[in-house]
Amino acid sequence: MFNYITKFIQRMLPHFLRRKKHTIWLYVLLRPIGDVVEWFNIFKEKARWAIAYNGQTLVLELALNDKWPDALGGIYIENQVPQSLVTYFYINNELPQVGYLYQSSEDYITYVFDSNAMPPWDFIVWVPAALTYNEEQMRAYVNQYKIAGKRFKILTY
């Protein structure tokens, strides 16, 4: 574990000072630095793993399946296709015309918006029912990697 500290001491210490007392004393002085280096290397590997994932659907699925390996790759994401924000008015026997609700004297188009037409989430995270998981932990994990402003729901199948 601290073999590199011993090698560093042997390489940097002049040959006339390489006595057991000097070597042990330097080892005791450098061991806390070795601990910090080891903690930094662990942090570096965790950070490198964390930045390898982004908000793309397939990569987010991979991250979720890596985090919960008991799911055996069963966690998947379903994207919701946004509904049209414009409502057209026509009778069923008429051909649907691309017309908006406005008068010709007006120089702007009035759109009619139906708030119930939009789903309350942008994507669904489907989790196998047999998997035991903490929903708050999974929600926090997805929030870490999803694109900002996207809403999601966790459901089981």
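**Entry 1: terms and model**

I take two strands as paired if DSSP finds at least two bridges between them. Helices (H or I, at least four residues) and strands (E, at least two) are DSSP runs, numbered from the N terminus. The model is predicted, so I use pLDDT of at least 70 for local features and 80 or more for side-chain atom pairs, while totals for chains, interfaces and linings take all residues. Residues are numbered from 1 along each chain as its sequence is written, and side-chain values use heavy atoms, without hydrogens or water.

**Entry 2: the chain as a whole**

I looked up the inventory of elements. The chain holds 4 helices and 3 strands. Read from the N terminus, their order is α-α-α-β-β-α-β. I then looked up burial (buried is under 20% relative accessible area, exposed over 50%, partly exposed in between; 1.4 Å probe, protein chains only). The chain has 157 residues, and 20% of them count as buried. For contacts (heavy atoms within 4.5 Å) I looked up the sequence separation. Among those between residues at least 6 apart in sequence, 62% join residues at least 24 apart.

**Entry 3: the sheet**

I traced the sheet next. It is open, is formed by 3 strands in the order β1-β2-β3, and its pairing is mixed. Its edge strands, each paired on one side only, are β1 (76-79) and β3 (152-156). On average, neighbouring strands of the sheet are turned by 25° against each other, direction ignored. Angles here run from 0 to 180 degrees between N-to-C directions, with axes fitted as lines to C-alpha atoms (for helices, over the stretch in contact).

I took the two pairings in turn. Between β1 and β2 there are 4 bridges, in the antiparallel sense. In that pairing I noted isoleucine 77, which stands opposite valine 125 in β2. Strand β2 (residues 123-127) and β3 run parallel and are joined by 5 bridges. For tryptophan 126 I found leucine 155 in β3 as the bridge partner.

**Entry 4: helices on the sheet**

I checked what packs on the sheet. Helix α3 (residues 57-67) does, touching β1 and β2, and its direction makes about 150° with that of β1. Helix α4 (residues 135-145) packs there as well; α4 touches β2 and β3, at about 140° to the direction of β3.

I then asked myself how α3 and α4 meet. They pack with their axes 11 Å apart, at an angle of about 145°. On the α3 side I listed Leu60, Ala63, Leu64 and Lys67. The residues they meet in α4 are Gln137, Met138, Tyr141, Val142 and Tyr145.

**Entry 5: burial of β2**

Are the residues of β2 buried or exposed? I found 5 of the 5 buried, so β2 is largely enclosed by the rest of the structure. I also split the strand by face, and both faces are covered. Phe123, Val125 and Val127 lie on one side, and Ile124 and Trp126 on the other. Tryptophan 126 is thus listed twice in this notebook, as a buried residue and as the bridge partner of leucine 155.

**Entry 6: salt bridges**

I searched for salt bridges (a side-chain nitrogen of Lys or Arg within 4 Å of a carboxyl oxygen of Asp or Glu). The count comes to 2.

One of them joins the side chains of arginine 151 and aspartate 122, at 3.4 Å from N to O. The pair links distant parts of the chain, 29 residues apart: arginine 151 sits in the loop between α4 and β3, aspartate 122 in the loop between β1 and β2. I looked up the exposure of each partner. Arginine 151 has a relative accessible area of 39% and is partly exposed. Aspartate 122 is at 21%, and also counts as partly exposed.

I also noted the salt bridge of arginine 139 with glutamate 135, whose closest N and O atoms are 3.4 Å apart. Both residues belong to helix α4; they are 4 residues apart, so about one helical turn separates them. Arginine 139 is partly exposed at 30% relative accessibility, and glutamate 135 is partly exposed at 35%.

**Entry 7: a backbone angle**

I looked up one residue for its phi. Leucine 72 is not a glycine, yet its phi is positive, about 55°. I placed leucine 72 in the loop between α3 and β1. Its relative accessible area is 78%, so I entered leucine 72 as exposed.
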